[in-house]
Amino acid sequence: MGLRLRLRLPHKNSPRSPSYLLICVLALSFFSFTAVILHKVDDFVAQTKTLAGHNLEPTPWHIFPRKSFNEATTYRILQCSYFSCPFKAVVEPKSLLSESRSGRRTQQPQCPDVFRWIHRDLEPWAKTGVTKEHLKRAKENAAFRVVILSGKLYVDLYYACVQSRMMFTIWGILQLLNKYPGMVPDVDMMFDCMDKPIINRTEHQSFPAPLFRYCTNEAHLDIPFPDWSFWGWSETNLRPWEEEFRDIKQGSRRSSWDNKQPRAYWKGNPDVVSPIRMELMKCNHSRLWGAQIMRQNWEEEAKGGFEQSKLSNQCNHRYKIYAEGYAWSVSLKYILSCGSMTLIISPEYEDFFSRGLLPKENYWPVSPTDLCRSIKHAVDWGNTNPSDAERIGKTGQSYMESISMDRIYDYMFHLITEYSKLQKFKPEKPSSAKEVCAGSLLCFAEQKERELLERSRVVVPSLDRPCKLPDADRNRLERLIQQKKKAIEDVRYMETTRTEKGSR
């Protein structure tokens with residue numbers, strides 16, 4: 001028995017058969033580790049909120065589909081969020097007074113009068129300043145937060161904005177930092193990207209939340225900021241503002257005033273919960289109301305390559321109508337750019353530049369009550385007074401020409417600068433915020449978005465200083481407001497008098 005067992009054992013000097021146990025263990029460990037890493041990466045990416053709307057809750061006041069995840073999305077989020085912003089040295093803030101010593105030109109024109117509204121918009125925080133508690137209150141209605149520190153931009157995302165609004169807005173801020181390097185102060189700002197203002201003046205007067213958005217009105221304290229479409233609107237095929245304005249102005253010259261159709265024209269989408277636009281659809285009668293009203297179907301336009309929606313081809317009428325949508329509409333600047341006499345149906349909302357428009361000088365006010373008859377009165381008045389109507393159209397166009405991209409960046413610069421002076425704390429990067437640069441934003445952009453963004457890129461810093469901000473002259477603003485009210489009342493009186501004469 002013992003002999004048999006000894007015979008079965010190998011001799012200590014005989015060659016051993018190869019063992020794969022260690023290799024198998026190592027391989028199994030490697031694959032397990034890789035699986036864990038991939039799982040962690042997927043989990044990490046799934047928690048990463050991006051400028052393209054990935055993993056962001058839809059805004060509770062606007063319904064649209066969420067972004068979906070797949071392998072390509074995971075790679076893209078990793079690349080765009082963590083590997084697209086190269087190292088950038090901290091830019092020391094520069095004062096405007098030191099620029100002449102550094103060789104910059106000292107040219108500094110006076111800002112347009114509409115810049116005075118910056119002081120009025122920030123007046124609610126003039127005494128208390130802006131505290132962290134103010135920001136906490138504003139965050140309740142914010143879609144994203146912008147923090148600028150030493151020339152770097154950090155964004156904290158809360159909700160997914162409609163379409164590409166957030167992407168183009170943040171791109172505009174990046175271009176501002178590129179245009180005026182080292183001059184934009186450290187700041188912490190809360191943004192909302194939906195249409196209607198939400199900080200009610202009466203309700204929040206004792207402790208207003210500083211919330212930036214694209215429009216406001218007298219009943220609200222929301223702070224107006226230049227809207228995204230100045231850098232392009234990919235979903236409607238709108239190019240950056242200066243490109244669109246140039247082509248619209250050129251299109252307006254294709255026919256003289258006498259050869260333009262003596263009617264009022266509007267083309268847009270009435271299906272945006274807008275009572276005014278629905279009422280306007282009833283005025284589509286060239287002989288009875290002197291108006292041509294057309295419905296815009298953006299889905300059909302997209303299928304047709306937007307050939308029927310080119311704004312430069314819509315300047316063939318002497319009169320163009322502006323009607324608000326769900327709230328204000330970005331269409332105002334394009335309508336005014338045509339050089340036709342713009343008929344503005346009494347607006348409830350205003351953006352940063354529209355407050356500088358004067359009735360009977362840059363546009364003709366139209367009453368929302370008895371709308372069709374009011375449009376007809378404007379058309380009849382213009383056809384009876386063609387030189388005056390043409391003058392109003394041209395001054396409206398000139399006003400929009402004065403709102404150049406240089407002035408838009410200057411408005412942003414002064415608004416941010418004046419707001420930063422109100423901060424009672426030192427801005428810091430929120431732990432959940434991520435640095436955003438041109439590379440990371442372009443990485444997330446789809447092809448059409450990327451093309452538009454690149455066309456509005458500020459390639460080199462400006463050699464000129466921002467325009468000089470006018471002083472806070474509240475009396476001047478009040479006089480302008482009263483002047484506007486008086487001009488609108490004059491038009492209402494003309495309409496009433498004409499109606500009474502017609503009924504006799």
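Which residue in β9 is the bridge partner of Trp-266? Select Trp-266 and look across to β9: the partner is Ile-293. This is a predicted model, so keep that in mind at every stop.

**Stop 1: the parallel strands**

Stay on this pair and widen the selection. Show residues 261-268 as β8 and residues 291-295 as β9. The two strands run parallel, and 5 bridges link them. Move one residue along from Trp-266 to Lys-267. Its bridge partner in β9 is Met-294.

Now add residues 275-280, helix α9. Together, β8, α9 and β9 form a β-α-β unit, and the unit is right-handed.

Next, select residues 317-322, strand β10. β10 also pairs with β8 in the parallel sense, here over 3 bridges. To find one of the contact points, pick Gln-261: its bridge partner in β10 is His-317.

**Stop 2: the open sheet**

Hide that group and turn to another sheet. Which strands make up the open sheet, and in what order? There are 6, running β7-β6-β5-β2-β3-β13, with mixed pairing. Color the edges: β7 and β13 (434-436) each pair on one side only.

Go inward to β2, residues 144-149, and β5, residues 187-191. These strands are antiparallel and share 5 bridges. Label Ile-148, and you will find Val-187 of β5 opposite.

Then bring in helix α5, residues 132-139. The helix lies across β2, β5 and β6 (211-213). Its direction makes an angle of about 25° with β5.

**Stop 3: the cores**

Switch to side chains. The largest nonpolar core holds 105 residues. Select Phe-144, Leu-153, Ile-170, Phe-225, Trp-231, Ile-408 and Leu-441: these have the most contacts inside the core. Why does this core lie between domain 1 and domain 2? Color residues 113-234 + 406-460 as domain 1 and residues 237-404 + 480-502 as domain 2. Both domains give residues to the core, so it lies between them.

Center on Leu-441. Leave out neighbours within four places in sequence, and its contacts are Leu-51, Met-167, Ile-170, Trp-171, Leu-174, Val-436 and Leu-453.

A second core is separate from the first and has 25 residues. Among them are Ala-291, Ile-293, Tyr-319 and Ala-389. Ile-293 is a familiar label: it is the bridge partner of Trp-266 from the opening.

**Stop 4: two positive phi values**

Select Asn-237. Its phi is near 65°, a positive value in a residue other than glycine. Most residues other than glycine have a negative phi. Asn-237 sits in the loop between β7 (223-224) and α8 (241-252). Is its side of the loop buried or exposed? Asn-237 is partly exposed, with a relative accessible area of 27%.

Now jump to Asp-370. Phi is positive here too, near 55°. Asp-370 belongs to the loop that connects β12 (364-366) and α12 (371-384).

**Stop 5: the whole chain**

Zoom out and show the cartoon. The protein chain contains 17 helices and 13 strands. Of its 504 residues, 50% are buried. Finally, consider the contacts in the chain with a separation of 6 or more: residues 24 or more positions apart account for 74% of them.

Notes
Residues numbered from 1 in each chain as written. Predicted model: local features only at pLDDT ≥ 70, side-chain atom pairs only at ≥ 80, totals over all residues. Heavy atoms only, no water. Core = buried A, V, L, I, M, F, W, Y, C linked by side-chain atoms within 4.5 Å. Buried < 20%, exposed > 50% of the residue type's maximum accessible area, 1.4 Å probe, protein only. Domains from an automatic or database assignment. Contact = heavy atoms within 4.5 Å. Helix = DSSP H or I, 4+ residues; strand = E, 2+ residues; numbered from the N terminus. Pairing = 2+ DSSP bridges. Axes fitted to C-alpha atoms, helices over the stretch in contact; angles between N-to-C directions. Right-handed = clockwise from strand over helix to strand, strands pointing away.
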